[in-house]
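Colleague: I'm new to this one and would like a close look at a single part. Could you pick one charged pair, go through it slowly, and then show me what lies around it?

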Amino acid sequence: MKELIKEGEHMCNCDCEYIDEIMMEESYRLPLIGDDAPEFVAKTTNGEVNFPADYKGKWVILFSHPADFTPVCTTEFMTFASMQDEFKALNTELIGLSIDSVYSHIAWIKKMEELEFNGMKNTKVTFPIIDDLSMEVATKYGMIQPNVSTTSAVRAVFIIDPKGVIRTILYYPASTGRNFAEIKRIIEALQKADKDSIATPANWQPGEPVIVPPADTTAEARKRVDEGSNEQKEVKDWFMVVKK
Ligand code: BEZ
């Protein structure tokens, strides 16, 4: 694992400006929503992946798990695998990652085909799982959180859009399996927001009313109130318009 070096932390008699520049390049800050997804080339169960270039034009869920052959992770992988077609229908690809070898991933995939959980059986994980023994990808994506573990990843989820921009980041503790229906709902909400320039309210589900972004001028706020509600929209207040 690369040392996480804070800017200006080194002490020497060398060309400090140049070293600081390298250190800034070498040290990773946690990626944030709106950032370009950090690039990497990695070995996976489906061969080499050059990310995000190989996924241009697709939505991606890049997610990490603490370790292969652990019970919660196994339920998560079986659930994700059983939803692969639902994600494909949303132009969305899945990529898993843990600090394990590709050989361990392959053996675990085979084992999951034999297991039964919550009605799922003969579950085939066909999406790639990254071999990240070097921890390079996990480090770039802030998946190693040292107060939890310095040798395994937390349960992180990065939703990356077709332009390679990070749109959602979720972190879960090791003891809590993820809610995959919620992850799917976020993709649906992001796609809807991008398509129709709207936002989605709490607990929104596809087909339900959406929110018109708030007015940002006095004139627009007044216009909305004056126009009032109609069959398509309900003006609850100047800042809150709900649309079918
Ligand atoms: C699990 O996947 O079961 C697990 C992994 C790490 C810590 C605790 C549980």
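Modeller: One term before anything else: a residue is called buried when its relative accessible area is under 20%, exposed when it is over 50%, and partly exposed in between. Also keep in mind that this is a predicted model.

The pair I'd pick is arginine 185 and glutamate 182. Their side chains meet in a salt bridge, with N and O 2.7 Å apart. Both residues sit in helix H6, and because they are three residues apart there, about one helical turn separates them. Now put the term to use. Arginine 185 has a relative accessible area of 16%, so it counts as buried. Glutamate 182 comes out at 27%, so this partner is partly exposed.

Next, look at the helix they belong to. H6 runs from 180 to 196, and it supplies at least two residues to the largest nonpolar core. That core has 28 residues. Helices H2 (71-82) and H4 (102-114) also supply at least two each, as do strands S3 (59-64), S6 (155-160) and S7 (166-172). In soluble globular proteins, nonpolar side chains tend to be buried together.

Which members touch the most others in this core? They are Ile61 and Phe80. Setting aside neighbours within four places in sequence, isoleucine 61 has Phe80 itself among its contacts, along with Phe87, Leu94 and Ile95. Ile183 and Ile187 are on that list too, and their numbers fall inside H6, the helix of our pair. Val157 and Phe158 are two more of its contacts. There is also a second core, apart from this one, with 24 residues, including Ala37, Phe40, Met135 and Ala156.

The contacts of isoleucine 61 aren't just nonpolar residues: Glu93 is on the list as well. At 17% relative accessibility, glutamate 93 is another charged residue that counts as buried. Its side chain forms a salt bridge with that of lysine 88, N to O at 3.1 Å.

For another pair within one helix, go to H4. Lysine 110 and glutamate 114 are four residues apart there, about one turn of the helix. They form a salt bridge whose closest N and O atoms are 3.8 Å apart. Lysine 110 is exposed, because its relative accessibility is 54%. Salt bridges can also join up: Glu76, Arg155 and Arg178 are linked in a network of them. In the whole structure, a search finds 17 salt bridges.

Two loop residues are worth a stop. Threonine 123 lies in the loop between H4 and strand S5 (129-131). At 6% relative accessibility, it counts as buried. Leaving out residues up to four places away in sequence, threonine 123 touches Met78, Ala81, Ser82, Met112 and Glu113. Serine 149 is in the loop between helix H5 (136-140) and S6, and with a relative accessible area of 14% it is buried too. Its side chain reaches two backbone nitrogens: that of threonine 151 at 3.0 Å and that of serine 152, also at 3.0 Å.

What about the outside? Val225, Trp238, Phe239 and Met240 make a nonpolar surface patch of about 370 Å². Tryptophan 238 lies in the loop between strands S9 (233-237) and S10 (240-243) and is partly exposed, at 41%. Its C-alpha atom is 9.3 Å from that of threonine 218, although the two are 20 residues apart along the chain. Threonine 218 is in helix H7 (residues 218-227) and is exposed, with a relative accessible area of 56%.

Finally, step back to the whole chain. It has seven helices and ten strands. Of its 244 residues, 43% count as buried. Among contacts with a separation of 6 or more, 64% are between residues 24 or more positions apart. The chain exposes about 13700 Å², and carbon and sulfur atoms supply 53% of that.

Notes:
Residues are numbered from 1 along each chain as its sequence is written. This is a predicted model: local features need pLDDT of at least 70, side-chain atom pairs count only at pLDDT 80 or more; totals for chains, interfaces and linings use all residues. Side-chain values use heavy atoms; hydrogens and water are left out. A nonpolar core is a set of buried Ala, Val, Leu, Ile, Met, Phe, Trp, Tyr and Cys residues joined through side-chain atoms within 4.5 Å. Buried means under 20% relative accessible area, exposed over 50%, partly exposed in between (1.4 Å probe, protein chains only). Contact means heavy atoms within 4.5 Å. A polar contact is a pair of N or O atoms within 3.5 Å; within protein, one must be able to donate a hydrogen and the other to accept it, and residues adjacent in sequence count only if both atoms are side-chain atoms. Patches are made of residues with over 30% relative accessible area and no salt bridge: like charges are joined within 9 Å, nonpolar side chains (Val, Leu, Ile, Met, Phe, Trp, Tyr) within 5 Å. Accessible areas come from the Shrake-Rupley method with a 1.4 Å probe; for residues, only the protein chains shown count as cover. A salt bridge is a side-chain nitrogen of Lys or Arg within 4 Å of a carboxyl oxygen of Asp or Glu.
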